[in-house]
Amino acid sequence: MKFTSLAIPDVFLIEPKVFGDARGFFLESFRQDQFNAATGTNYEFIQDNHSRSSKGVLRGLHYQLPPHAQGKLVRVTAGAVFDVAVDIRRSSPTFGKWVGAGLTAENHHQLWIPPGFAHGFLVLSETADFVYKTTAYYAPESDRGLLWSDADIGIAWPQLDVAFSLSDKDQKQPPLKMAQVFD
C-alpha cells in the first residue's frame, strides 16, 4: 500500500496494490501493521459501516466529540464520490482548512480521517456504496456537524447536473465559528 500525506499532514490518501487480470482483481484493503507504520498511530477499528446513496447526495459534515471521537478509514466499493475532511482542532495550524479526494470503485483509493476532523462526501455517480471503519462506536450524545456550505471553510464541491440532496439534519448544521469543536 502507498500512503500519501495530504495538505493537512494527518490525513492520508491510501492506494492499495491491485492485482488484476481477465478474471477480475485482488487487493488487500487493510493491513493494521502497514497502517500503524505509515500513520504513526495505533488505532483499533471497532465498527464497520456501509451506506448507499444516489447522485447528488451530500452527507456531512459529521464528527463526534470526545470521549467518543472517531477516526474513519473510508472507501468506495461501487461508484464515485468526492470525499472531504475538515480540520476542527482549534489548536491546529490547519484549523478550518479542508482536503478532498476522489474515491472510486475503479481507483480503490481510501482516505484516513483521524479524530478531530469533520467528514463528508458528495456522490458523483448514479449511485455509490461507501464503506468505512471507525475507531469509536457511534454515540448520539457526541454526534455533531458543520454546515457543508460554510463560506469560512470554502469547500470546492464539484458541480453536478443534479441538485445536491441533503438530510434535514445536514442542512441545519452550524457554521464552524458557531460549532462545538476540538480544543
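Visitor: In which strand is serine 53 found?

Guide: The model shown here is predicted. Within this model, the element that holds serine 53 is strand S5.

Visitor: Is serine 53 buried or exposed?

Guide: The relative accessible area of serine 53 is 4%. A residue counts as buried when this area is under 20%. Because its value is 4%, serine 53 is buried.

Visitor: With which side chain does the side chain of serine 53 make a polar contact?

Guide: The contact joins two side chains at 2.8 Å. The partner of serine 53 in this polar contact is arginine 59.

Visitor: What is the order of the strands in the open sheet of 6 strands?

Guide: The pairing in this sheet is antiparallel. Its edge strands, each of which pairs on one side only, are strand S1 (2–5) and S5. The twist from one strand to the next averages 25 degrees. From edge to edge, the order is S1-S2-S10-S7-S12-S5.

Visitor: Which residue in S12 stands opposite lysine 72?

Guide: Strand S7 (residues 72–78) and S12 run antiparallel and are joined by 6 bridges. Opposite lysine 72, in S12, stands threonine 134.

Visitor: Which are the edge strands of the open sheet of 5 strands?

Guide: This sheet has the order S9-S8-S11-S6-S13, with antiparallel pairing. Its neighbouring strands are turned by 25 degrees against each other on average, direction ignored. An edge strand pairs on one side only, and the two that do so here are strand S9 (98–104) and strand S13 (143–145).

Visitor: Which residue in S11 is the bridge partner of valine 81?

Guide: Strand S8 (residues 80–87) pairs with strand S11 (residues 117–123) in the antiparallel sense, over 7 bridges. In S11, the partner of valine 81 is valine 123.

Visitor: How many residues lie between S3 and S4 in their hairpin?

Guide: Strand S3 (residues 18–21) and strand S4 (residues 24–27) form 4 bridges in the antiparallel sense. In one of these pairings, valine 18 has leucine 27 of S4 as its bridge partner. The number of residues between the two strands of the hairpin is 2.

Visitor: Which residues lie nearest the centre of the largest pocket?

Guide: The largest pocket has a volume of about 360 Å³. Its lining is made up of 24 residues. Those nearest the centre are Arg59, His62, Lys72, His119 and Tyr132.

Visitor: Which element gives the most to the lining of the largest pocket?

Guide: Several elements each supply at least two residues of this lining: strand S5 (47–54), strand S6 (58–64), S11, strand S12 (127–134) and helix H2 (168–171). By class, the lining has 8 nonpolar, 11 polar and 5 charged residues. The element that gives the most, with 6 residues, is S6.

Visitor: What is the volume of the largest cavity?

Guide: The structure holds 1 cavity of 30 Å³ or more. The volume of the largest cavity is about 30 Å³.

Visitor: How many residues of the lining of the largest cavity are nonpolar?

Guide: The largest cavity is lined by Met1, Phe3, Ile14, Ser29, Phe30, Arg31, Phe35, Leu73 and Gln110. By class, 2 of the lining residues are polar and 1 is charged. The number of nonpolar residues in this lining is 6.

Note on methods: Residues are numbered from 1 along each chain as its sequence is written. This is a predicted model: local features need pLDDT of at least 70, side-chain atom pairs count only at pLDDT 80 or more; totals for chains, interfaces and linings use all residues. Side-chain values use heavy atoms; hydrogens and water are left out. Two strands pair if DSSP finds at least two bridges between them. Axes are lines fitted to C-alpha atoms, for helices over the stretch in contact, and angles run from 0 to 180 degrees between N-to-C directions. On a 1 Å grid over the protein atoms alone, a cavity is a set of points where a 1.4 Å probe fits but cannot get out, and a pocket is an open set with protein on both sides within 12 Å along at least five of seven lines; lining residues have an atom within 4 Å of a point. Grid points are joined across faces, edges and corners, and a volume is the space filled by probe spheres set on the points. Ala, Val, Leu, Ile, Met, Phe, Trp, Tyr, Cys and Pro count as nonpolar, Asp, Glu, Lys and Arg as charged, and the others, Gly among them, as polar. Buried means under 20% relative accessible area, exposed over 50%, partly exposed in between (1.4 Å probe, protein chains only). A polar contact is a pair of N or O atoms within 3.5 Å; within protein, one must be able to donate a hydrogen and the other to accept it, and residues adjacent in sequence count only if both atoms are side-chain atoms.
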